[in-house]
Amino acid sequence: MKHKSPVIIGNWKMHKTIPEATSFIKDLLPSLEQSMARVGLAVPFTMISKVSEVAQDSKLSIGAQNLSDAEEGPFTGEISGRMLADAGASFVLVGHSERRHLFLETSCLVNRKLKQALHDGLQAIVCIGETLEEYEAGKTQEVLSAQIQASLKGIPAKMFYDRVILAYEPVWAIGTGKTATPEIAQAAHQFCRGMVAHLFDKDAAQALIIQYGGSVKADNAAALLRQEDIDGLLIGGASLSLDSFIRIIQYKPL
Ligand code: PGA
C-alpha cells in the first residue's frame with residue numbers, strides 16, 4: 001500500500017467553453033467523494049476564474065497550463081503567475097511537451113517559469129519526457145537527466161514536498177494511443193527519483209510526486225498507479241469526457 005495519495009490531473013489543453021466546463025465540473029464534484037486521489041484540472045486561461053468559483057469548497061483543484069517567466073511588463077499576450085493566482089488557480093503546468101516542441105520552450109525557460117510560479121505562490125507540475133527518436137536510440141535516461149538538471153536548477157529541495165510535482169510524459173505516448181507499459185514507465189520514474197535524490201535530497205526525492213502522462217485511459221490507469229514510483233497521472237484526451245475521467249479517478253488500487 002502506498003502512503004501518498006495519488007495526484008490525478010486532467011489537462012484540457014485548448015478545449016471547452018465556459019458553459020461546457022461549468023457543467024462538466026458540477027457533474028464531476030460528487031464523484032470526488034469516492035476517489036482516493038487528489039484531483040485537479042488544468043483549464044484554459046479564460047475559464048479559470050469562473051470554474052474556480054464552481055469548484056470552491058470542493059476537493060477539486062483548478063490550475064493553468066502555462067505562465068510567463070516574467071513577473072509583469074510589456075509582454076503582449078502573456079499571462080503572469082500572479083494573474084493566475086488572482087483568478088483562482090492553485091497550480092500551473094510548466095514545460096508541457098507541446099510547449100517544448102510546438103512553442104520551442106527550452107529547459108532554461110522552463111526553469112525560469114518554474115521559479116516565477118513558485119514566487120507567485122503556485123504549485124508547479126514540471127513536465128519532462130523523451131521523443132520517439134530519443135527513445136528508440138536508447139537515450140531516455142540521458143534526456144531525462146538533462147531535463148531534470150536544467151529545469152529544476154536552483155530549486156530548494158523543500159519544494160519537492162508539496163510545491164513541485166514532476167510529470168514524466170514520453171512524447172511518443174502523448175495523444176498517440178501508445179501508452180508506455182507500466183514497466184517502461186516505472187523504470188523511467190525510478191530513474192527520475194534517483195536523479196532528484198542524487199542532485200537534491202534523498203527524503204525530498206522520496207516525498208516527490210512523479211506523475212505519468214501519455215495516453216492514459218480508464219483501462220490502464222490502475223495498472224500504472226500500482227507501480228511503486230508512479231504517484232499520479234496527467235491526462236489529456238481521457239480527461240475531456242466526464243465518464244472516462246470519473247472512471248480514472250475512481251480507480252481501484254488492487
Ligand atoms: P494524452 O495527453 O493523455 O491525450 O496523451 C497527455 C498530456 O498531454 O498531458
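Me: A polar contact is a pair of N or O atoms within 3.5 Å. The model here is predicted. How far does a backbone N or O atom of Gly175 lie from an oxygen atom of the ligand?

Reply: Gly175 is among the residues that come nearest to the ligand. Its partner in this pair is a ligand oxygen atom, and the protein side is a backbone N or O atom. The distance falls within the 3.5 Å cut-off, so the pair counts as a polar contact. The separation is 2.6 Å.

Me: How much of the ligand's accessible area does the protein cover?

Reply: On its own, the ligand has 280 Å² of accessible area. The protein covers a share of that area equal to 96%.

Me: Which residue places a polar side-chain atom 2.6 Å from an oxygen atom of the ligand?

Reply: Take the residues that come nearest to the ligand: Lys13, His96, Glu169, Gly175 and Ser215. The contact of Gly175 uses a backbone atom, which leaves it out. The side-chain atom at 2.6 Å belongs to His96.

Me: Which residue has a polar backbone atom 2.8 Å from an oxygen atom of the ligand?

Reply: Here too the ligand atom is an oxygen. On the protein side, the backbone supplies the polar atom. The residue is Gly237.

Me: How many residues in the shell around the ligand are polar by class?

Reply: The ligand has 13 residues around it. Four of the shell residues are nonpolar and two are charged. Gly counts as polar, so Gly175 belongs to that class. The polar count is seven.

Me: What is the volume of the largest pocket, and which helix gives the largest share of its lining?

Reply: The volume is about 460 Å³. Its lining holds 19 residues, with Lys13, Gln65, Asn66, Arg99 and Phe103 closest to the centre. By class the lining has nine nonpolar, six polar and four charged residues. Three residues make up the largest share, from helix α4 (residues 97-102).

Me: Which element gives the most to the lining of the largest cavity?

Reply: The whole structure has one cavity of 30 Å³ or more. The lining residues include Ser97, Arg100 and His101, along with Cys127 and Ile128. Both α4 and β5 (123-128) supply at least two residues. With three residues, the most comes from α4.

Me: How many charged residues line the largest cavity?

Reply: This cavity holds about 30 Å³ of space. Its lining has three nonpolar and four polar residues. Arg counts as charged, so Arg100 goes in the class asked about. The charged count is one.

Me: Where is Lys13, which has a positive phi although it is not a glycine?

Reply: Most residues other than glycine have a negative phi. Lys13 has a phi of about 50°. It also comes among the nearest residues to the ligand. Its place is the loop between β1 (7-11) and α1 (18-32).

Me: Is Asp57 buried or exposed?

Reply: Asp57 lies in the loop between α2 (48-55) and β3 (60-64). Its phi is positive, about 60°. Its relative accessibility is 81%. Exposed means over 50%, so Asp57 counts as exposed.

Me: Is Leu67 buried or exposed?

Reply: Leu67 also lies in a loop, between β3 and α3 (81-87). Its C-alpha atom is 9.8 Å from that of Val110, 43 residues away along the chain. Its relative accessible area is 2%. The limit is under 20%, so Leu67 is buried.

Key:
Residues are numbered from 1 along each chain as its sequence is written. This is a predicted model: local features need pLDDT of at least 70, side-chain atom pairs count only at pLDDT 80 or more; totals for chains, interfaces and linings use all residues. Side-chain values use heavy atoms; hydrogens and water are left out. A residue is near a molecule or strand if one of its heavy atoms lies within 4 Å of it. A polar contact is a pair of N or O atoms within 3.5 Å; within protein, one must be able to donate a hydrogen and the other to accept it, and residues adjacent in sequence count only if both atoms are side-chain atoms. Accessible areas come from the Shrake-Rupley method with a 1.4 Å probe; for residues, only the protein chains shown count as cover. On a 1 Å grid over the protein atoms alone, a cavity is a set of points where a 1.4 Å probe fits but cannot get out, and a pocket is an open set with protein on both sides within 12 Å along at least five of seven lines; lining residues have an atom within 4 Å of a point. Grid points are joined across faces, edges and corners, and a volume is the space filled by probe spheres set on the points. Helices (H or I, at least four residues) and strands (E, at least two) are DSSP runs, numbered from the N terminus. Buried means under 20% relative accessible area, exposed over 50%, partly exposed in between (1.4 Å probe, protein chains only).
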